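User: Please take a close look at one part of this structure, the packing of one helix against another, and set it in the context of the chain that holds the pair.

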Amino acid sequence: MRSLLSILLIGVPVTLILCLVGLSHGFIEDSQKRQRGSGADILMRPKSSSFLSLNGAPIPEQLVGYMAKQPHVKMATGVYSVVVEGVTLFATGINYEEFTQMCGGFQFHSGGAFQRPDDVILDDYYADQTKAKLGDTINLLNAKWHVSGIMEGGKLTHIVVPLKTLQERLENAGKVNQIYLRLDDPANTAATVKYLTGIPALEGYPIISMEDFTSLLNVNNIPALAGFIAVVMGIGVVIGFAVVCLSMYMAVLQRTREIGILKSLGASKGFILGIILSEAFFLGLGGTILGILMSYAAAALIHALKPASLPMTIAYDWWPIAGAITVLGALLGALYPGLTAAAHDPIEALSYE
Amino acid sequence: MSSGVSNGDIIQIRDLCKTYRVGKVNVPALRGVDLDVEKGHFLSIIGPSGSGKSTLFHIIGGLTPPTTGKVVVDGKDLSAMTDAARTRMRKRTVGFVFQKFNLLPNLTARDNIAVARYIGGTDAKPEPEFEEVLRLLGIGERLDHKPNALSGGEQQRVAIARAIVNHPAILLADEPTGNLDTENSKAVLEVLRDLNRRLGQTILMITHNPEAAAYGDSTVHMRDGRIADRT
């Protein structure tokens, strides 16, 4: 019972680490997949915006037509994205014809293109999350929208609305905050980016290839995330250390007589310490395995409740890291009880009741 | 048993003193013990509580060092040994049987015996000849049971098997019948006598009970940390 409780307590920080990393990776992979799903080769963003946010002065919509006329640019479309929830869930206003032409069209599970100015198309993740169905009226951005279609996810955004309507409702008529460019040949991407950034009229606008943009989406480029993960890992080590230290100290007290028996048989201090550390190792290992299993449960729960807002993946590559951290904490925690056990006087230990 | 040092003596003790420190008070447990035990002898040590017989047992078994005096067991001088050296000595030179059996509760009888082999640095599986010893002890059919499924007499016989599985020079038994009823006490004492007679196992047995002491070849009476007489 003591061991099972220890394994459970050790497993909790493992789950926390794996969930945090899984959510980070999930968010990044989901963002990368949806950006690539736009079908664009080059992306132009507002002046002073970062790769993570669209802060900064919006881009005049007239620039969309200007960009479409540039060499090798096959087509251009402007979109307006706005955060709906948290930091990961956007609604995006699009010019339906232009955008579907660029991305190859939406795959609808039900319904279809916009029929009314207040129509909204949801992807299956967001529809599952909000239980929204075709024909429903939903509230977004302090306004009511009519669901005209449920589409397969992976095309830029979870929520698509008509660009004009969104611009009007946000009082930002004639503005977009991203322009997507599709080239005649993806091989011309680097040269086109170089050419566009050299145009004086476009000075200050971040113009970046889709490949470069998606590569910027990683854990190390998200401010404070790597540090936050390190803090959670540190907490994991401390919890593992404390749980195992208490658990093994209790075990040593409970087994004082058994330690005396082993000593009477000739067991050395190293042998006794080895037994305690071995048990701690297996507690750490058990905690890691349970933590991994619980991370699957957490992922299933998150997927059931918030599939669009909290995309989570299973971070297989972090299993050995989380395991090593946990086992290290467990071994450190077992050191003091182990040394205490090894130092037991055999006569006192044998007379322990 | 003989009073002088001879080559046949497996235990040679001269002027052994042991003083325990209890708080700020020195408590003398042994006050100058001289004892020789021949190889293959079955010696009973009898005396009242506090007479020092358990302390003598612990020193001969290498569980605690002497304060002064000389203790030689199987040719090894315990008074000059470090703690680690006494630990090594316990692996193969002595085997213990305790009043409370002291089997590891989570292991089967077989595994309790195997642990002693493992710690002793030998193959965990006893030699085939050991089957004869198990037959002698009458526990051959009970080896796959855990201690809580064994009677007191069976547990003590498993403890004896564990104590002798590494062929120790000396078997030290501390009140081996103290927790047993009359019938089981008799069975265990007969087993010890058989081991002594058939296998030539040297045995030192502490007891309160004169009837149990009578199973030995000779008896040492202890009182106030000294040997009072030998019969």
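Analyst: What follows goes from the whole chain to the helix pair, and then to the domains and the contact between chains.

This is a predicted model, in which local features need pLDDT of at least 70 and side-chain atom pairs count only at pLDDT 80 or more, while totals for chains, interfaces and linings use all residues. Residues are numbered from 1 along each chain as its sequence is written, and chains are lettered from A and ligands numbered from 1 in the order in which they are written.

Chain A has 12 helices and 12 strands (DSSP runs, H or I of at least four residues for helices and E of at least two for strands, numbered from the N terminus). Its C-alpha atoms fill a box of roughly 90 × 45 × 30 Å along the principal axes. The radius of gyration of chain A, taken over C-alpha atoms, is 28 Å, whereas a compact globule of 353 residues would have one near 20 Å, by the rule of 2.2 Å times the number of residues to the power 0.38.

The helix pair consists of H1(A), residues 2–36, and H11(A), residues 319–342, whose axes come within 10 Å and cross at roughly 150 degrees (axes are lines fitted to C-alpha atoms over the stretch in contact, with angles from 0 to 180 degrees between N-to-C directions). Because of that angle, H1(A) is roughly antiparallel to H11(A), a term for angles over 145 degrees. The contact, defined by C-beta atoms that are placed from the backbone and lie within 7 Å, is made by Ile10(A), Val14(A), Ile17(A) and Leu18(A) on H1(A), and by Ala322(A), Thr326(A) and Ala330(A) on H11(A). By class, these residues are six nonpolar, one polar and no charged (Ala, Val, Leu, Ile, Met, Phe, Trp, Tyr, Cys and Pro count as nonpolar, Asp, Glu, Lys and Arg as charged, and the others, Gly among them, as polar).

As for domains, whose bounds come from an automatic or database assignment, chain A is given domain 1 (2–27 + 223–350) and domain 2 (46–205). The centres of these two domains of chain A, taken over C-alpha atoms, are separated by 46 Å, and five residues of domain 1 are in contact with nine residues of domain 2.

Between chains, the contact takes 12 residues from chain A and 16 residues from chain B. On the side of chain A that touches chain B, helix H9 (256–264) and helix H12 (346–350) each supply at least two residues, and the largest share, four residues, comes from H9(A).

Conventions: Two residues are in contact if their C-beta atoms, placed from the backbone, lie within 7 Å. Angles under 35 degrees count as roughly parallel, over 145 as roughly antiparallel, 65 to 115 as roughly perpendicular and the rest as oblique.
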